[in-house]
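Good morning, and thank you for making time on the agenda. I would like to take you through one model, beginning with a sheet and ending with a metal site.

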Amino acid sequence: MSVIKVMSENLANKIAAGEVVERCASVVKELVENAIDAKAENIKVNLVKGGLEEISVIDDGVGMDSDDALLAFQRHATSKIYKDDDLFFIGTLGFRGEALPSIASVSEVTLETCKKDIGTFIHIKGGNLLEQKPASSRIGTKITITNLFYNTPARLKFLKSENTELANTTNFLEKIALAHPEISFSLTNDNNNIFKTSGSNNLLKCIHEIYGLSISSKMLPINKLNDDFALSGYISKPEILKSNRNHLITFINGRVVRNNDINKAINDAYYTYKPDGKYPVVVINIDTDPTLVDVNIHPTKQDVKISKINDLYNLIYETIKDALYNSLLIPDMSKVSEEDKNTNPSFTPIKDYVDNFKDLQGKQTTFDFGNEQKPVVNEEFKSLVLHPVGLCLGTYIVCDNEDGIYLLDQHAAQERVNYENYLANLKKDKINIIDLLIPISIELSQSEFIKFELYHDVFDKMGFVWEVFGINTILVKSHPTWLKTGYEEESIRKIIDLIINLEGNFDPIKFRENVAITLACKMAIKANEHISMLEIEGLLNNLVKCDNPYNCPHGRPTIIKFSIYELEKMFKRAMD
Ligand code: ZN
Ligand code: ZN
């Protein structure tokens, strides 16, 4: 084996290292992917000081003989011609490509591996082979990286604090563990356990091992395919809210990928089930023909481009929407307070991980994975019999049934009813209109008037009949019947406000949404309005008919529940 060749390539490797290796997490990624390709069943990642001092990856996969081991540190190792696309076709065994030579060129590496009872030990520093000798036999491969970027000070400066490096590595490893529930992963830092998965090949159990019971007990299974894509995985109920997209986890053929269209499909499917800017936890694997996926966008190969992305978008969007529609989504409050330490929406990503660690280390939970949650058909909400008890604080409707006590936010609930009603009317092609005996005059400023004239088509198409009346004033003579009686002028004024705020290309769907949400809020009962029992019953009857009775159009909950069991526990009527 030509050691000289390895050395002469050193410069190229150092340059390549800049593309492939950015931080500790990218080193871990390369080493772990190698271990997966080596068919490991157990992969241990041990860090010292978040990886800044030491990264070691130990696997029980297929090891290497001494020739292969050395070859692994050469660029474009000739035994396997490597293309980016290979990633999506076959898992090549053992080390591949330029990642390992690149890592070795900017750090100190020791490798212990074994094939057919013959062990090999290799020690390389800055790309130079310091030692190669036989070693005792072992199962699999252990590779240890120290002094990362010691000979590239500019790169070294890019490494962040121990906490940040640890958070990045944890984030990556959690994702890859979810992509491979059949492999047991463990991560330690300074000998402290960060997380461990059991390799049970049960995705829900793997979600539980990583996120804890508070999340895993609120996941809904999804499973759907079309001609080109097969989706499977879990999505969280809307009550789980994260403040970033970090937990929208997608795999294509088992590889962790990032794609904005996929994230958009997920986010759009949760529209009005959650507030904007908050995100669910989603773990989806997409199986597809590898030729539909282009991985050559970014050297770290997480960003991908997908052919037939519109079909995939629709499949993801429809599947998630159906899953939400067919599930009972009333948050059970008594459980939230106990367990949901890591769903506090205001945490930073780092704190998120830290909380997760604490959660996983401190808690022994039993969770029956034998009978996975059976989806509840939305009919069950519709047949949910809620007996209204009364109104509290002029704001919250109290109901009960044999399962517990329910609180509804009267404003949020009516907002939802109004929203679905307005939206249905705005979508209708045939518009019923009312001619006014006394026209409504709306006074505008000069600039508002100019803007209104520019977009007046929008107003006309909604069914309004109007004429200019004096300076900057319009006279509305007819309006669609769905405007709330007694609030016609206020509603028209709101709609005109939305029209004069239009900019650029007119998006009819977005405009409809805006009108429906704005009017829904304006026309809903406010807090501190004491409504009668009859009005409460009317509101409940209407809410039950909604497509999504659980959230107002801003994504806030309309209804929460205190289960009878939890209440009995609180009052010590039931001992557990
Ligand atoms: Zn509102
Ligand atoms: Zn709202």
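Before the sheet itself, one definition is needed: two strands count as paired if DSSP finds at least two bridges between them. Please also keep in mind throughout that this is a predicted model.

With that definition in hand, consider glycine 233, which stands opposite isoleucine 284 in strand 13. That position belongs to the pairing of strand 10, residues 229–236, with strand 13, residues 282–288, which runs antiparallel over seven bridges. The two strands are part of an open sheet of five strands, in the order 9-10-13-11-12, with mixed pairing. Which strands stand at the edges? They are strand 9 (219–225) and strand 12 (255–257); each has a single partner strand, so one side of each is left without a neighbour in the sheet. From one strand to the next, the twist averages 20°.

Two helices pack on this sheet. Helix 11, residues 260–269, touches strand 11 (248–252) and strand 13, and its direction makes about 130° with that of strand 11. Helix 12, residues 309–325, touches strand 9, strand 10 and strand 13, and makes about 40° with the direction of strand 10.

Let me step back to the whole chain for a moment. The protein has 22 helices and 22 strands. Of its 576 residues, 52% count as buried. Taking contacts between residues at least 6 apart in sequence, 72% join residues at least 24 apart.

Next, strand 1, which spans residues 42–48 and shows an alternating pattern of side chains. Ile43, Val45 and Leu47 point to one face and are buried, whereas Asn42, Lys44, Asn46 and Val48 point to the other face and are not buried. Strand 1 has pairings to describe with two strands. With strand 7, residues 184–189, it pairs in the parallel sense over six bridges, and there asparagine 46 stands opposite threonine 188. With strand 2, residues 54–59, strand 1 runs antiparallel, again joined by six bridges, and valine 45 has valine 57 as its bridge partner. Strands 1 and 2 form a hairpin with five residues between them, and lysine 49 in the turn has a positive phi of about 50°.

Helix 19 deserves a short comment as well. It covers residues 488–500, and its 13 residues reach 18 Å from the first C-alpha to the last, close to the 18 Å expected at 1.5 Å a residue. Its buried residues are Glu488, Ser491, Ile492, Ile495, Ile496, Leu498, Ile499 and Ile500. What do these buried residues pack against? Their neighbours are strand 19 (433–443), helix 17 (446–454), helix 18 (456–461), strand 21 (473–480) and helix 20 (508–522).

Helix 20 brings us to the metal site, since it carries cysteine 521. The zinc ion (ligand 1) is coordinated by His411 through NE2, Glu415 through OE and Cys521 through SG, at 2.1 to 2.4 Å. In sequence these donor residues are spaced H-x3-E-x105-C. The pair of glutamate 415, in helix 16 (residues 410–427), and cysteine 521, in helix 20, links distant parts of the chain, 106 residues apart.

The zinc ion (ligand 2) has as its protein donors Glu415 (OE), Cys552 (SG) and His554 (ND1), lying 2.1 to 2.3 Å from it. Along the chain, the donors of this zinc ion (ligand 2) follow the spacing E-x136-C-x1-H. Which residue bridges the zinc ion (ligand 1) and the zinc ion (ligand 2)? It is glutamate 415, and the zinc ions lie 3.9 Å apart.

How accessible are these donors? Glutamate 415 has a relative accessible area of 1% and is therefore buried, the cut-off being under 20%. Cysteine 552 is likewise buried, at 1% relative accessibility. Cysteine 521, at 28%, counts as partly exposed, and histidine 554, at 29%, is partly exposed.

A final point concerns the cysteines. A search of the whole structure finds zero disulfides. Among the other cysteines, cysteine 206 is buried, with a relative accessible area of 1%, while cysteine 392 is partly exposed at 35%.

Thank you; I would be glad to discuss any of these regions.

Technical notes. Residues numbered from 1 in each chain as written. Chains lettered and ligands numbered in written order. Predicted model: local features only at pLDDT ≥ 70, side-chain atom pairs only at ≥ 80, totals over all residues. Heavy atoms only, no water. Disulfide = S-S within 2.5 Å. Buried < 20%, exposed > 50% of the residue type's maximum accessible area, 1.4 Å probe, protein only. Donors = N, O, S within 2.8 Å, 3.2 Å for Na, K, Ca; no water. Helix = DSSP H or I, 4+ residues; strand = E, 2+ residues; numbered from the N terminus. Expected span 1.5 Å × (residues − 1). Contact = heavy atoms within 4.5 Å. Axes fitted to C-alpha atoms, helices over the stretch in contact; angles between N-to-C directions.
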